[in-house]
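Visitor: I'm new to this one and would like a relaxed tour. Could you show it to me and let me ask things as we go?

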Amino acid sequence: MNTRWLEKASATLGISGFGFFIFSVAAMALGPVVMLRKVPMQTVEQISQNVIPDFYDLLVRYPDEFKKYFGDPGDPPDEAKMRQYFAEALRLGRKVYIAEGCWHCHSQFVRPLADEQLRFGPTSWAAEHQNELQLPPLFGTRRVGPDLIREAGVRSNDWHAAHFYNPQAVVPDSVMPRFTWFFEERKTPYENGVKIVPNKRGLAIITYVQWLGSWVRSPAEGAPLTASGAEDSGQRTLSMNR
Amino acid sequence: MTDRATTHPAPLAPSGAGERPLVNLTLVKYHIIASLVWFFVGLTGGFLFSMQFFRYYPFPGVELLSPGRVRMVHTNMMAYGFILNAYFAGMLWAIPRLTGFPILSDKLGKVFFWGWQVILAFVVGGILTGHAQAVEWGETPIFTDPFIALWALLGIVNLVAPILKTRGRPLYVTLWYFTASFVWTILNYLMGNYIPQFFVPGAGGAAVAGLFIHDLVGLFVTPIGWGLMYYFVPSILNRPIWSHALSLVGFWGLAFFYPLNGVHHFLYSTIPMYVQYGAVTATVAVELVVTTVIVNFFMTLRGMGRTLVTSLPIRWFYTGMVAYFTTCLQCAVQVQLPVQQIIHFTDWVVAHAHLVMFAVFGSWIMGFFTELWPRLVRRPWKSRALLEWHYWLTTLGIWLMFLTLTALGLQEGYLWRGLNPWEDMLRSAIPFWVFRTFTGLMIIAGTVVFAYHAWATARQPAPAAVAERVEGAEPAAL
């Protein structure tokens, strides 16, 4: 068999260079895209229609910072304004999550394996990643820390604030770095008192992490969850073990 | 076909001759130096980041040196700084010799060289100031991406010109790999950096990103590495590659199956299962193809095993090939779904990545640096002992790192599987992580030895024969 034609630049450039590459994209990447075409990508504006309770909690805990960085929603908080601020916080939170490389140590999908379901919660499904905040997808390939796609509401805002400021203060064996630049000092009326409070990036990253998986947390769509309403069919029995 | 490659490289064209020399030695030298400089940047990044794992990071609370950002500098500088510069050095040497034509333009080569280093500096700056992009191996900030694509294209135009001047004659194996890789790299870079960033979210985007992660290794780093092996191994051994037929099988097998592998980085994810199964099958197929290539190279060495002792470049090359066979065999095993259940998300994968990127391609690069440097500075290596130190420190370092992290990966996987508290995994991992940093230090030490040795060799007085020839020109410079 004469194979000399396989050794010419036209064959290596054309068939293997373009041909095989395009075939691989068609087979391996176009497939998923076509299969998911009926699940439209949600925009941040659509997502932010359901403001998570933790975002209201941030307003209560850090009112000065919240008003300084996002705006004053009034009292009682104006829902339209809160939705607008929530969208802003989600966008910035994801930006911070990417800038700091969080996704290199935390994945964002639960595999269909018994131990992961017990530890994290329900297995991921394709539609929950079909949104603007998964552009590019933040699946991750490594878990130095736990998966975060079911993180919503597992821990309080205070826990997250303390943890971002100094992870070892709340999880002594953690190897997570400190993110002190998510915080600023605020003078308190007390004697020589300063308080460490989250700045805009801090509020945003807490909002983003508390949002991850909030769609699983709420039993009725859009209904804010109260502290007593955290019943979710035993999925979180092991959550403190994460 | 093989004759041109198998002849030992011709004597260097005298500099300053009226005719344009075949190989632009200055460019080759510059790319080697730049490659080593970025290699040190990457090594420093990896070393610093590794200390975070046992909480001895030297700059806690410094935003610009946040461990998460430094990690991305580590991986990106290894790929685009160390490996890409080294590959350009190798290709600038090999392509003119294989085709008989010099690169398109020496000026363009210079523009590419300096432009590329400036782009890399911007990439480092961009990542450290928080502008990274969330695509693995493509964290290069989005504003640098068009420049990277454009500059890569410039470099490729320069290198592809001599190949096209052969006017449709059959090419030597090396050039099959190079030409295909030129197309793949550009297409892949544009696909991976733009489609998941702007157009396709979630599972579809992850499928594209998976292709990109894998293609960067499989369609840029691997083929150019193999191309260089097909050039340097026969030329140093002074004998042709054992089987031309196996060369054909190896190239076309890799070209067909490698691009189909990508999704195996996201097994058990929400990407449709048929794609995942396809990727697993293609990965096993790649292992079969790789075996043919490995057999071909080891048969080329038959009866000449002694060169592994006498020739440092040959030893580096075959050490890399053993690592290559190991990683590929490992691939075929670890993509199996039951194995994935345990090892995915663990340090096993980190071990695998280091083995493939450094124990394979790093060894090959160090091998042809060892081969080329004396020719570029026109002086023999100063010390055999230092060459050995470089080899043993680096090789032991990377293999110990691989073994440590592989063992740790299994431990992590089983601890998670057993539903142990997360912190149990961290506590039990720290001794491994400490040792990992130590193995990294061995690699750094080996590289320092090499860099010093290269500098000391270049500073030596010229050997008599060469000195006579250049004496009239500028004896002071020697």
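**A tour of two chains**

Visitor: Let's start where the chains meet. How many salt bridges does the rule find across the interface of chain A and chain B?

Guide: Keep in mind that this is a predicted model. Side chains of opposite charge can pair when their charged atoms come close. One such pair is B:Asp347 with A:Arg142, at 2.9 Å from N to O. Across the whole interface of chain A and chain B, the salt bridges number six.

Visitor: Which element gives the most residues to the side of chain A that touches chain B?

Guide: The elements giving two or more residues to that side are α1 (9-35), α5 (79-99) and α6 (114-119) of chain A. With 20 residues, the one that gives the most is α1(A).

Visitor: And what kinds of residues make up that side of chain A, split into nonpolar, polar and charged?

Guide: Chain A brings 77 residues to the contact, and chain B brings 90. On the side of chain A, they divide into 43 nonpolar, 21 polar and 13 charged.

Visitor: How much area do chain A and chain B bury between them?

Guide: Carbon and sulfur atoms account for 69% of the buried area. On chain A's part, A:Phe21, A:Met28 and A:Thr141 supply 10% of what that chain buries against chain B, more than any other three residues. The area buried between the two chains is about 7200 Å².

Visitor: How many residue pairs are in polar contact between chain A and chain B?

Guide: For this count, both residues of a pair must have pLDDT 80 or more. With that condition, the number of pairs between chain A and chain B is 28.

Visitor: Now chain B's surface. How big is the nonpolar patch that includes B:Phe122?

Guide: B:Phe122 shares the patch with B:Val118, B:Ile142, B:Phe143, B:Phe198 and B:Phe199. Two elements of chain B, α4 (106-128) and α6 (173-199), give two or more residues to the patch, while B:Ile142 sits in the loop between α4 and α5 (145-164). The patch covers about 610 Å².

Visitor: Back to chain A: which helix holds both A:Arg61 and A:Asp57?

Guide: These side chains meet in a salt bridge, 2.7 Å from N to O. The two residues are four apart, about one turn of the helix. Their shared helix is α3 (residues 53-61) of chain A.

Visitor: Any backbone oddities? Where is A:Pro136, which a cis peptide bond joins to A:Leu135?

Guide: Most residues other than glycine have a negative phi, and most peptide bonds are trans. The bond between A:Leu135 and A:Pro136 is cis, with omega about -5°. A:Pro136 is in the loop between α6 and α7 (157-165) of chain A.

Visitor: What is the phi of B:Tyr268?

Guide: B:Tyr268 belongs to the loop between α8 (244-257) and α9 (273-300) of chain B. Although B:Tyr268 is not a glycine, its phi is positive, at about 65°.

Notes:
Residues are numbered from 1 along each chain as its sequence is written. Chains are lettered from A and ligands numbered from 1 in the order in which they are written. This is a predicted model: local features need pLDDT of at least 70, side-chain atom pairs count only at pLDDT 80 or more; totals for chains, interfaces and linings use all residues. Side-chain values use heavy atoms; hydrogens and water are left out. Contact means heavy atoms within 4.5 Å. Buried area is the accessible area (1.4 Å probe) that two parts lose on being put together, summed over both. A salt bridge is a side-chain nitrogen of Lys or Arg within 4 Å of a carboxyl oxygen of Asp or Glu. A polar contact is a pair of N or O atoms within 3.5 Å; within protein, one must be able to donate a hydrogen and the other to accept it, and residues adjacent in sequence count only if both atoms are side-chain atoms. Ala, Val, Leu, Ile, Met, Phe, Trp, Tyr, Cys and Pro count as nonpolar, Asp, Glu, Lys and Arg as charged, and the others, Gly among them, as polar. Patches are made of residues with over 30% relative accessible area and no salt bridge: like charges are joined within 9 Å, nonpolar side chains (Val, Leu, Ile, Met, Phe, Trp, Tyr) within 5 Å. Accessible areas come from the Shrake-Rupley method with a 1.4 Å probe; for residues, only the protein chains shown count as cover.
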